[in-house]
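User: Please take a close look at one part of this protein, the pairing of its strands, and tell me how the residues there are placed.

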Amino acid sequence: TTITCQEDEPGVNPLIKVWNLEKQDKHGNPTCVRISRAIPNNKPTPATALCVHDNLNLMAVGFHDGSIVLFRGDVCRERTNKQKVLKDGGVPVTGLAFRTTAKFLYLYVSTTSSVVLFNITVKDKEIKVDTSRTL
């Protein structure tokens, strides 16, 4: 399984597509098994980062306007995942990564000006990790 994010129309409708690499169409291409929209608070903005947890039950999408949306539920099967906007606006998101420890699940978010950490286990609590410095 592979998950991608692309624009349907430039700057309007980012789409998340789930691909089954083992099931091919008649041309030998992977089969798209699910398509869903990724729009934070119904504001069209380009997606700039995508991260899926290893268990395929969490997915985060970062956007150019700084918004971050967390999807909960089986990203490969469920048509409607629970969505939560973790952050609404700010500076562009440049990267996302999940990290699991013995007690907690974290989402690291890098932007053009800082690194922020969300504790997904404890009410999606935001913790500022680092702010970029001018050299």
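Analyst: Ala60 has Leu70 of strand 6 as its bridge partner in this predicted model. The pair belongs to an antiparallel pairing of strand 5, residues 58–63, with strand 6, residues 68–72, which runs over 5 bridges. Strands 5 and 6 are the inner members of an open sheet of 4 strands, whose order is 4-5-6-7 and whose pairing is antiparallel. At the edges stand strand 4 (47–52) and strand 7 (82–87); each has a single partner strand, so one side of each lacks a neighbour in the sheet. On average, and with direction ignored, neighbouring strands of this sheet are turned by 20° against each other. As a general point, strands of a sheet pair through backbone hydrogen bonds, either parallel or antiparallel.

Antiparallel pairing is also found earlier in the sequence. Strand 1, residues 2–7, pairs with strand 2, residues 14–24, in the antiparallel sense over 6 bridges. Within that pairing, Gln6 lies opposite Leu15 of strand 2. Strand 2 also pairs with strand 3, residues 30–37, again in the antiparallel sense, over 7 bridges. Here Lys17 has Ile35 of strand 3 as its bridge partner. Strands 2 and 3 form a hairpin with 5 residues between the strands, and in this hairpin Gly28 takes a positive phi near 85°.

Thr31 gives a residue-level view of the same hairpin. Thr31 lies in strand 3. Its relative accessibility is 19%, and because the cut-off for buried is under 20%, Thr31 counts as buried. The side chain of Thr31 reaches the backbone oxygen of Lys23 at 2.8 Å. Lys23 is also among the contacts of Thr31 once neighbours within four places in sequence are left aside; the others are Val18, Trp19, Asn20, Gln24 and Asp25.

For the setting of these pairings, the protein as a whole has 11 strands and 0 helices. Of its 135 residues, 38% count as buried. Among contacts with a separation of 6 or more, 33% come from residues 24 or more positions apart. The exposed area of the protein is about 8000 Å², and carbon and sulfur atoms supply 50% of that area.

Key: Residues are numbered from 1 along each chain as its sequence is written. This is a predicted model: local features need pLDDT of at least 70, side-chain atom pairs count only at pLDDT 80 or more; totals for chains, interfaces and linings use all residues. Side-chain values use heavy atoms; hydrogens and water are left out. Helices (H or I, at least four residues) and strands (E, at least two) are DSSP runs, numbered from the N terminus. Buried means under 20% relative accessible area, exposed over 50%, partly exposed in between (1.4 Å probe, protein chains only). Contact means heavy atoms within 4.5 Å. Accessible areas come from the Shrake-Rupley method with a 1.4 Å probe; for residues, only the protein chains shown count as cover. Two strands pair if DSSP finds at least two bridges between them. Axes are lines fitted to C-alpha atoms, for helices over the stretch in contact, and angles run from 0 to 180 degrees between N-to-C directions. A polar contact is a pair of N or O atoms within 3.5 Å; within protein, one must be able to donate a hydrogen and the other to accept it, and residues adjacent in sequence count only if both atoms are side-chain atoms.
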